[in-house]
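Trainee: Could you take me through one part of this protein slowly? I would love a close look at the inside.

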Amino acid sequence: MLVNRLISCSIACVLLLVMWVMYGWNSWNGDRDAYEMYFSRELLFSWGLEIGYGYLNLLAKDFNLDYQAFQILLSFFTLLLFCRYLLKTSVSPVFSLLVFGMVFFPIDYVLMRNFLSFVIILQGIIELLKGTFQGRLFFVLLVLLATTFHQSAIVFLIFYFVPVNGFFSLRKFFIFFSVIVLIYIPFRTSVALPSAIQSHFDMYAVTLQSAVYKIIVHVFFSLIAIFIARMHCLSIADNKYPNYLVKMSFFIFNMNLVSFFFVFLYFEAEIFIRVLRYVIFFNVFYCLNIVFFPKVNHLFVSAYVFLCVCFLFFYFIYPVMDLSLFPLFNRNIIFNSVV
């Protein structure tokens, strides 16, 4: 088992180097022009709350780096942080990385700030899974840090309340959720958002039909993940299994319950569909772990992963392949020079 994991880790590291070449030396994608425009900003305050990313841009220019060099360095540290999460939480890093490379990476490398903020949050999840006060404190600090790279990361603060040492009481949770709904609806309809936030949301206007569709999809994928975590948690809790995997089972169950609070965001702006994408990320990586252990309904878990992969590909990647997937190969400086 140890030898197999070492082989898996070694291959995963090689694949991550390939992904670094694809990401770092990419010369154009759907968001490249906007990021190059951001790179030309001269003042830190022009970044608003996202001063972390702004500071990195200004620091790169202080060292006389052009945008391509900045992207190479940023992609290296982003993938390095992702590698750390992968090696610490995956039973088979190479297997998990292959799935990530197929349905997450082709979008993540385009959404540079989102990707960077998310891998910082992943470091927080590692701390959160320790189940200690210090771990939760580090999680909060890392989420706040991630928010300085992309302000949407602030929504992950809700994971602070996700237990990793046991299940939420379903009865208490649904009572709490109902109370929040009764408070949120009249509050949101009577209180306007700050103009800066509202103008940003207006750029991603949402329709009622679109919001309802997202809620249905979110509830569908989360309920199945809750069922999987509940059904298999006791068998995974056997002493033969890694302690972090036991805590991850509780985390997945509770995180998916807490994620139902995200459905309110679907009525605010289209951009919040990215939250569902990250919820599915945790569910898929969890399933890719437990599928390697006995006492698991491997067919059911594999079918769930397949459904997630299909949804991620056809909803997120397929509609924008010309702006994301294809440029990975045909707009790469190294690949083009070789050809």
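Trainee: Before we go in, where in the chain is confidence lowest, and where is it highest?

Mentor: Good place to begin! This is a predicted model, and confidence is lowest in helix H10, residues 195–202, with a mean of 62. It is highest in helix H6, residues 105–108, at 98. Where pLDDT is low, the predicted coordinates should not be read in detail, so go gently there. For the chain, the mean pLDDT is 90, and 92% of the residues reach 70 or more.

Now to the inside. The largest nonpolar core has 105 residues, and Phe159, Phe251 and Phe282 have the most contacts inside it. Helix H13, residues 273–290, gives this core its largest share, 14 residues. Try selecting Phe282 in your viewer. Leaving aside neighbours within four places in sequence, Phe282 is in contact with Phe159 and Phe251, along with Tyr85, Phe118, Leu122, Ile125, Ile252 and Met255. In soluble globular proteins, nonpolar side chains tend to be buried together.

There is also some empty space to find. The count comes to one cavity of 30 Å³ or more, and the largest cavity holds about 130 Å³ of space. Of its 14 lining residues, Asn114, Ser152, Arg274, Val275 and Tyr278 are the closest to the centre. Helix H7, residues 112–128, and H13 each supply at least two residues of that lining, with the largest share, four residues, coming from H7. By class, the lining has nine nonpolar, four polar and one charged residues. So H13 is a helix to follow with your eye: it appears in the core and again in the cavity lining.

Notes: Residues numbered from 1 in each chain as written. Predicted model: local features only at pLDDT ≥ 70, side-chain atom pairs only at ≥ 80, totals over all residues. Heavy atoms only, no water. pLDDT = per-residue confidence, 0-100. Core = buried A, V, L, I, M, F, W, Y, C linked by side-chain atoms within 4.5 Å. Buried < 20%, exposed > 50% of the residue type's maximum accessible area, 1.4 Å probe, protein only. Contact = heavy atoms within 4.5 Å. 1 Å grid on protein atoms, 1.4 Å probe; cavity = no way out; pocket = protein on both sides within 12 Å on 5 of 7 lines; lining within 4 Å. Points joined across faces, edges and corners; volume = space filled by probe spheres on them. Nonpolar A, V, L, I, M, F, W, Y, C, P; charged D, E, K, R; others polar.
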